2 protein chains.
Amino acid sequence: MATIRDVARAAGVSIATVSRVYNNQDLVNADTAERILKIAAELDYWPNPTAQSLTTRRTRTFGVLLPDLFGEFYSEVIRGIDLAARRGGYQILLSSSHSNPEDVLMASRAMLGRIDGVIMMAPDETSIDTVARVRDRVPVVLLNPRTPVEGCHSVAVDNFHGAKAAVSHLIGLGHRDVAMITGPEGNGDAEDRLRGFREALADEGLDPDAALVIPGDFRETTGFGAGEVLLGRRPRPTAVFAANDSTAIGLMAALRVAGCRVPEDIAVVGFDNVTIAGYLNPALTTVHVDACGLGGRAVELMMAALEAGAQDLPRHQVIQAVLKVRQSCGAQKTPALKRHSADGPAGDDVDIRGETPLRSGGDPS
Amino acid sequence: MATIRDVARAAGVSIATVSRVYNNQDLVNADTAERILKIAAELDYWPNPTAQSLTTRRTRTFGVLLPDLFGEFYSEVIRGIDLAARRGGYQILLSSSHSNPEDVLMASRAMLGRIDGVIMMAPDETSIDTVARVRDRVPVVLLNPRTPVEGCHSVAVDNFHGAKAAVSHLIGLGHRDVAMITGPEGNGDAEDRLRGFREALADEGLDPDAALVIPGDFRETTGFGAGEVLLGRRPRPTAVFAANDSTAIGLMAALRVAGCRVPEDIAVVGFDNVTIAGYLNPALTTVHVDACGLGGRAVELMMAALEAGAQDLPRHQVIQAVLKVRQSCGAQKTPALKRHSADGPAGDDVDIRGETPLRSGGDPS
DNA sequence: TTGTACGCGTTATCAT
DNA sequence: ATGATAACGCGTACAA
């Protein structure tokens with residue numbers, strides 16, 4: 001409750017001097033500074049950030065707008081943002097679960113004035129217009145934008161090539177009838193993964209239009225349902241590319257219930273590389289996405305933008321999605337062709353869990 | 001960039017009138033109000049929340065302090081907080097990954113002045129002192145506090161009884177040699193679950209001190225390592241209670257690698273009921289924790305506290321943790337005793353995924 | 001090195 | 001119903 005005035009009075013100085021102690025420490029006599037600091041501590045004085053922001057026009061806070069918070073992906077993104085933000089001395093104002101453009105606009109509005117910038121993953125139908133409105137006021141960093149917005153920075157996961165690598169790998173193993181379970185309709189990430197799927201097929205001379213594509217929504221339960229659909233299909237695909245790991249997990253459960261073995265009867269590949277992927281039975285082959293790094297990069301771009309001020313020009317970064325081969329895709333079905341080497345470093349190990357086990361060296365992945 | 005003054009000038013009224021339009025709509029002439037609103041829209045004026053807070057002394061924001069963001073539990077807590085906060089018209093200032101009391105104090109300090117209250121899950125060694133410092137300024141709601149702090153509200157998951165129910169269930173199935181893999185040392189939740197484990201054993205006439213207790217840290221990799229330790233033990237326990245689902249998942253992977261069947265050779269029970277628990281092979285018996293609800297409750301307490309103001313007296317809520325029986329614990333090993341019914345409604349179905357599958361009715365749990 | 005005084009954008013109090 | 005003006009707590013020219 002103590003204000004700068006209380007401290008000034010108690011120390012017998014002006015508020016300007018107290019203020020200087022906190023801002024330009026060197027502009028004030030060392031002794032006085034020390035005395036003031038001591039008195040401030042006694043009074044449990046702490047500068048009021050709200051008042052500071054009013055004059056400095058900086059909040060050292062940025063807003064984070066997410067469409068959802070469900071699942072490991074989003075939580076990792078936030079973790080990355082939080083970590084990087086704190087390192088840079090910034091706070092984060094979080095708001096999620098925005099399913100439509102109005103939500104996004106309202107949430108941004110509520111934030112405007114308390115933040116120096118916004119990091120947002122816009123729900124897919126969000127109009128460029130809405131985003132532009134926000135961008136006119138503060139720097140905006142877009143996460144996985146489906147379409148770039150002029151004047152906005154962006155960080156995106158390379159869903160397309162990640163998906164393509166996964167499907168190419170399946171084809172390289174000899175599969176000719178590969179199905180896909182998609183993500184939610186209208187979701188940009190999901191669409192890019194579908195595009196990667198189709199292009200991988202086309203590149204191998206297979207017909208994308210002939211491939212079985214089952215609609216999904218990124219959730220386990222849908223993967224499970226898709227599994228049932230898949231099993232009724234004749235001829236039955238020998239491999240499935242799931243739009244994300246949750247879907248793959250649901251799918252594998254359905255296959256297991258039906259007595260269908262993975263990867264012997266059907267190969268499965270997911271996307272995301274969630275923490276438990278390596279602990280599943282069979283361990284899940286998937287495409288690793290560094291969600292935490294995605295958030296961290298966004299923060300770095302934001303801080304750079306804040307630093308640059310007016311003469312700041314938009315930067316766009318892409319985060320690679322790397323295939324992580326485990327057991328669920330099985331091994332070669334036919335003798336190796338030149339295809340095999342084409343996978344390149346895709347199969348390389350991405351160390352997900354940076355720590356060694358507490359008591360033992362075991363790790364199944 | 002337009003301020004209240006710009007709008008006032010353009011509308012030919014005083015700033016007081018403009019202000020009233022946004023606060024006491026009814027105190028101003030309907031026509032003028034409409035005119036002002038129109039001009040405000042043209043100027044893209046939006047009240048500056050920072051300035052508002054300075055005079056009103058309310059920010060409509062509360063701080064959320066979490067020790068970590070890793071894993072589904074925390075992300076669900078945040079989701080619950082976010083949902084409830086937005087419903088109440090509040091914003092949330094998030095800060096996590098605080099491993100020690102100094103971190104917590106610093107983070108709170110940085111928040112003070114921008115928030116109306118703090119919801120925090122203090123890392124375990126955090127001194128009551130630190131929390132009290134914050135509480136002296138703003139209402140505090142503690143999440144799963146290991147010890148209650150005077151003057152603070154709290155919401156806690158009943159880890160103790162949840163754990164006890166899980167272990168009692170195992171004993172009821174005929175297991176006499178039950179091991180446990182604990183959570184991180186010093187973690188309150190983990191300790192309560194250990195206490196529940198021990199009391200369940202004692203209640204059944206088994207010796208808690210004779211039971212195998214392997215240290216863990218809530219992560220898959222440790223569960224995996226613990227599995228290896230467990231398998232070397234003679235006599236080998238016939239059941240294991242893992243302090244959380246991640247640990248159980250790591251454990252099951254280790255058992256699988258070693259050719260040990262679950263539940264036939266070793267029964268496994270986890271804690272948390274993460275989304276994928278029902279999709280594992282075998283489906284994981286675990287204790288359901290409504291993390292999202294935990295966060296929501298905290299917000300409700302906070303809003304009530306804010307409402308009550310000075311004459312606000314601390315409330316403490318407990319959230320039940322309910323046993324969710326699936327396959328990993330197996331069925332009865334010996335003929336049913338009276339124990340069986342003692343599980344009561346614990347085995348009742350807690351519907352985790354509130355939605356029905358998109359295309360098909362399947363669900364493995 | 002320190003003090004004075006203004007401004008940040010708003011709400012609230014008192015007039016009118 | 002509306003206007004003038006003093007807070008709110010702080011940073012910062014400018015002056016001393």
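These are my notebook entries on a predicted model with protein chains and a DNA strand.

**Setup**

I number residues from 1 along each chain as its sequence is written, letter chains from A and number ligands from 1 in the order in which they are written. Since the model is predicted, local features need pLDDT of at least 70 and side-chain atom pairs count only at pLDDT 80 or more, while totals for chains, interfaces and linings use all residues; side-chain values use heavy atoms, with hydrogens and water left out.

**Entry 1: DNA strand D**

I looked up what surrounds DNA strand D and found 29 residues. Near here means that a heavy atom of the residue lies within 4 Å of the strand. The closest are A:Ile4, A:Ser19, B:Thr17, B:Thr55 and B:Arg57. Of the strand D atoms that come within 4 Å of the protein, 64% belong to sugar and phosphate.

I then pulled polar contacts (N or O pairs within 3.5 Å; within protein, one atom must be able to donate a hydrogen and the other to accept it, and residues adjacent in sequence count only if both atoms are side-chain atoms). B:Arg20 places a polar side-chain atom 2.8 Å from a base nitrogen of strand D. B:Ser14 uses a backbone N or O atom, 2.9 Å from a phosphate oxygen. A:Thr55 has a side-chain N or O atom 3.0 Å from a sugar or linking oxygen.

Which elements give two or more residues to this surface? In chain A they are helix H1 (4-11), helix H2 (15-23) and helix H4 (49-56); in chain B they are helix H2 (15-23) and helix H4 (49-56). Helices are DSSP runs of H or I with at least four residues, strands are E runs of at least two, and both are numbered from the N terminus. H4(A) gives the most, with 5 residues.

By type I get 13 nonpolar, 13 polar and 3 charged residues. Ala, Val, Leu, Ile, Met, Phe, Trp, Tyr, Cys and Pro count as nonpolar, Asp, Glu, Lys and Arg as charged, and the others, Gly among them, as polar.

**Entry 2: helix H5 of chain B**

H5(B) covers residues 72-87, 16 in number. Its first and last C-alpha atoms are 22 Å apart, close to the expected 22 Å. The expected span is 1.5 Å times one less than the number of residues. I find 12 of the 16 residues buried. Buried means under 20% relative accessible area, exposed over 50%, partly exposed in between (1.4 Å probe, protein chains only). Among the buried ones are B:Phe73, B:Tyr74 and B:Asp82. B:Gly89 follows the helix with a positive phi, near 80°.

**Entry 3: two serines**

B:Ser96 sits in the loop between strand S2 (91-95) and helix H6 (101-111) of chain B. Is B:Ser96 buried or exposed? B:Ser96 counts as buried because its relative accessibility is 0%. Its side chain makes a 2.8 Å polar contact with that of A:Asp82. Its contacts (heavy atoms within 4.5 Å) beyond four places in sequence include A:Arg86 and B:Leu66.

A:Ser108 lies in helix H6 (residues 101-111) of chain A and is buried at 2%. A polar atom of its side chain is 2.4 Å from the backbone oxygen of A:Val104. Beyond four places in sequence, A:Ser108 touches A:Leu65 and A:Val134.

**Entry 4: B:Arg315**

I found B:Arg315 in the loop between helix H12 (291-308) and strand S11 (316-319) of chain B. B:Arg315 counts as partly exposed, at 47% relative accessibility. Leaving aside neighbours within four places in sequence, B:Arg315 contacts B:His153, B:Ser154 and B:Leu301.
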